[in-house]
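Biologist: I am new to reading models like this one. Please take me through a single part of it slowly, and start with a small warm-up.

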Amino acid sequence: MYNHLVLLRGINVSGQKLIKMEELRNHLTDNGFQNVQTYIQSGNVFVTTAEADPNVVEQQVAALLLDKYGFQVTVVAISEAGLKKVFTNNPFLADAAIGLKQLYVAFLAEVPQQENVGKLDASFVHPDTFTMGDRALYLCYHNNAGNSKMTNNWIENRLKVTATSRNWNTVTKLVALFEARKG
């Protein structure tokens, strides 16, 4: 069996795409996922399944959500090893002048084509900054993330891949929850 973290983008925000977490846990369990656990209302879901490939898990969850709720939800699945890699490789952590509240990660559904990575224009989002990882874009907001040009839409339009972002506090908590699931 394989454990995955399933990240849902854009649910329960400003009254849009409302999904109750208890209902979501029950729906995923009823459709073959095991040990389903959610963290906060913003679409962080742990599942256990016989499926090893996170891309297949993304497709399965997206189809179940569309069938049940009638709207499409961007889904990004990541393994525990993948999440730990994202966590340990954040280059902004080495800079003591950067506060943890400034840090976010845009989780990518796949590794983007190199030509698309080149379309990320640092001058467009300045003073905010970013660094490309494998399946993650590390984000550092120097002002308020809500007022930045460095949005999920900007990331997806440039990289041509699906993305969903989490703040560093949430990433840290998700790593701890993955660890606790082993216990």
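Biologist: Which residue just after helix 6 takes a positive phi of about 60°? After that, please give me a close look at strand 3.

Modeller: Happy to! This is a predicted model, in which local features need pLDDT of at least 70 and side-chain atom pairs count only at pLDDT 80 or more, while totals for chains, interfaces and linings use all residues. Residues are numbered from 1 along each chain as its sequence is written, and side-chain values use heavy atoms, with hydrogens and water left out.

Your warm-up residue is lysine 160, which follows helix 6 and has a positive phi of about 60°. Helices (H or I, at least four residues) and strands (E, at least two) are DSSP runs, numbered from the N terminus. Helix 6 itself covers residues 152–159, and its buried residues are Asn152, Trp154, Ile155, Glu156 and Leu159. Here, buried means under 20% relative accessible area, exposed over 50%, and partly exposed in between, with a 1.4 Å probe and protein chains only.

Now to strand 3, which spans residues 44–49. Strand 3 is largely enclosed by the rest of the structure, because 6 of its 6 residues are buried. In a regular strand, side chains alternate between the two faces of the sheet. In strand 3, Asn44, Phe46 and Thr48 point one way, while Val45, Val47 and Thr49 point the other, and all are buried.

What about its neighbours? Two strands pair if DSSP finds at least two bridges between them. Strand 1 (residues 2–9) runs antiparallel to strand 3, and 6 bridges join them. Strand 2 (residues 34–39) is also antiparallel to strand 3, joined to it by 4 bridges. Asparagine 44 helps you see both pairings: asparagine 44 is the bridge partner of leucine 7, and tyrosine 39 stands opposite asparagine 44. Strands 2 and 3 form a hairpin with 4 residues between the strands, where isoleucine 40 has a positive phi near 50°.

Finally, follow strand 3 to threonine 49. Threonine 49 counts as buried because its relative accessible area is 9%. Leaving out residues up to four places away in sequence, threonine 49 touches Met1, Tyr2, His4, Phe33 and Val57, where contact means heavy atoms within 4.5 Å. The side chain of threonine 49 also reaches the backbone nitrogen of glutamate 51 at 3.3 Å. So try tracing strand 3 with strand 1 on screen, since 6 bridges join them, and then stop at buried threonine 49.

Conventions
Polar contact = N/O pair within 3.5 Å; in protein donor to acceptor, adjacent residues only side chain to side chain.
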